[in-house]
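Let's take a friendly walk through this model, with the bench in mind. Keep the structure open beside the text as you read.

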Amino acid sequence: DLDMLMATQPLTLLGKWITDARAWGENEEESDALEANARNLLTLWGPRGEISDYASRQWSGLISGYYLPRWELFFKHLESVLKGGYTFDQANFARELLGFEQGWQDSKQADVDDEPAKPLGDARKIVEEIVAKYEKHIVETCAEDIYAEPLPPSPHSTGANPLEDQLAGRQR
């Protein structure tokens, strides 16, 4: 959902970032190097992840093509720990994660079909779809008392709509 929403804006497109970087190259070799550097700046910030995610962005193409697979890898490791009954092997996970990250960094725009360089879709319609999809869950979550002690009532709360109060920054 977030990837689709970010695809509606020209400044939040991984494809545009990479296309722009590649355009500075005078030949294929330079363009490939510039793309690798552009990918590196957003992700590993060095060949071995010296400052990983230092300049991270919530961009279309980056969310679905980079961050989501990293989360999936983490949950795969977590699931195997839970099913196998052993402790999480951080070093093994870090090695596998770095392997994925370096592979992504070394990929080329031509290898990836889901990195548009121009905006797609209508942001307002997508937001409406997201609200329709998640509103029930948000309202239910807002209705739950998640605090150890009740919060004092806010003088700004209308009390009529917990979701509306939460989104407006008002406490219930």
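## Salt bridges

This is a predicted model. A good place to begin is Glu50, which counts as partly exposed because its relative accessibility is 41%. Glu50 pairs with Arg48 in a salt bridge, and the closest N and O atoms are 3.2 Å apart. Arg48 itself counts as exposed, at 58% relative accessibility. Elsewhere, salt bridges with shared partners join Arg22, Glu28, Asp32, Glu35 and Arg39 into one network. In total, the structure holds 13 salt bridges.

Within that network, have a look at Arg22. The Arg22 side chain meets that of Glu28 in a salt bridge (3.0 Å, N to O). Glu28 is exposed, with a relative accessible area of 54%, whereas Arg22 is buried, at 16%. Arg22 also forms a salt bridge with Glu35 (2.7 Å, N to O). Arg22 lies in helix α2 and Glu35 in helix α3, so this pair ties together parts that are 13 residues apart in sequence. Both Arg22 and Glu35 are buried.

## The nonpolar core

Which residues make up the largest nonpolar core? There are 9 of them: Leu14, Ile18, Leu42, Leu44, Trp59, Leu62, Tyr66, Tyr67 and Trp104. Two elements, α2 (14–23) and α4 (62–84), give two or more residues to this core, and the largest share, 3 residues, comes from α4.

Leu62 is a handy residue to click on. Not counting residues up to four places away in sequence, Leu62 touches Asp3, Leu14, Leu42, Thr43, Arg57, Tyr67 and Trp104.

## Two buried polar residues

Helix α4 is also the place of His77. His77 is buried because its relative accessible area is 9%, under the 20% cut-off. Leaving aside neighbours within four places in sequence, His77 is in contact with Phe88, Asn92, Phe93 and Glu96.

Glu101 sits in helix α5 (residues 90–106) and is buried too, with a relative accessible area of 5%. Beyond its neighbours within four places in sequence, Glu101 is in contact with Leu44, Ser52, Tyr66 and Arg70. The C-alpha atoms of Glu101 and Gly49 are separated by 8.4 Å, with the two residues 52 residues apart along the chain.

## A nonpolar patch on the surface

On the surface, Leu41, Trp45, Ile51 and Tyr54 form a nonpolar patch, together offering about 390 Å² of accessible area. One of these, Tyr54, is in the loop between α3 (28–42) and α4. Is Tyr54 buried or exposed? Tyr54 is exposed, because its relative accessible area is 57%.

Notes
Residues are numbered from 1 along each chain as its sequence is written. This is a predicted model: local features need pLDDT of at least 70, side-chain atom pairs count only at pLDDT 80 or more; totals for chains, interfaces and linings use all residues. Side-chain values use heavy atoms; hydrogens and water are left out. A nonpolar core is a set of buried Ala, Val, Leu, Ile, Met, Phe, Trp, Tyr and Cys residues joined through side-chain atoms within 4.5 Å. Buried means under 20% relative accessible area, exposed over 50%, partly exposed in between (1.4 Å probe, protein chains only). Helices (H or I, at least four residues) and strands (E, at least two) are DSSP runs, numbered from the N terminus. Contact means heavy atoms within 4.5 Å. Patches are made of residues with over 30% relative accessible area and no salt bridge: like charges are joined within 9 Å, nonpolar side chains (Val, Leu, Ile, Met, Phe, Trp, Tyr) within 5 Å. Accessible areas come from the Shrake-Rupley method with a 1.4 Å probe; for residues, only the protein chains shown count as cover. A salt bridge is a side-chain nitrogen of Lys or Arg within 4 Å of a carboxyl oxygen of Asp or Glu.
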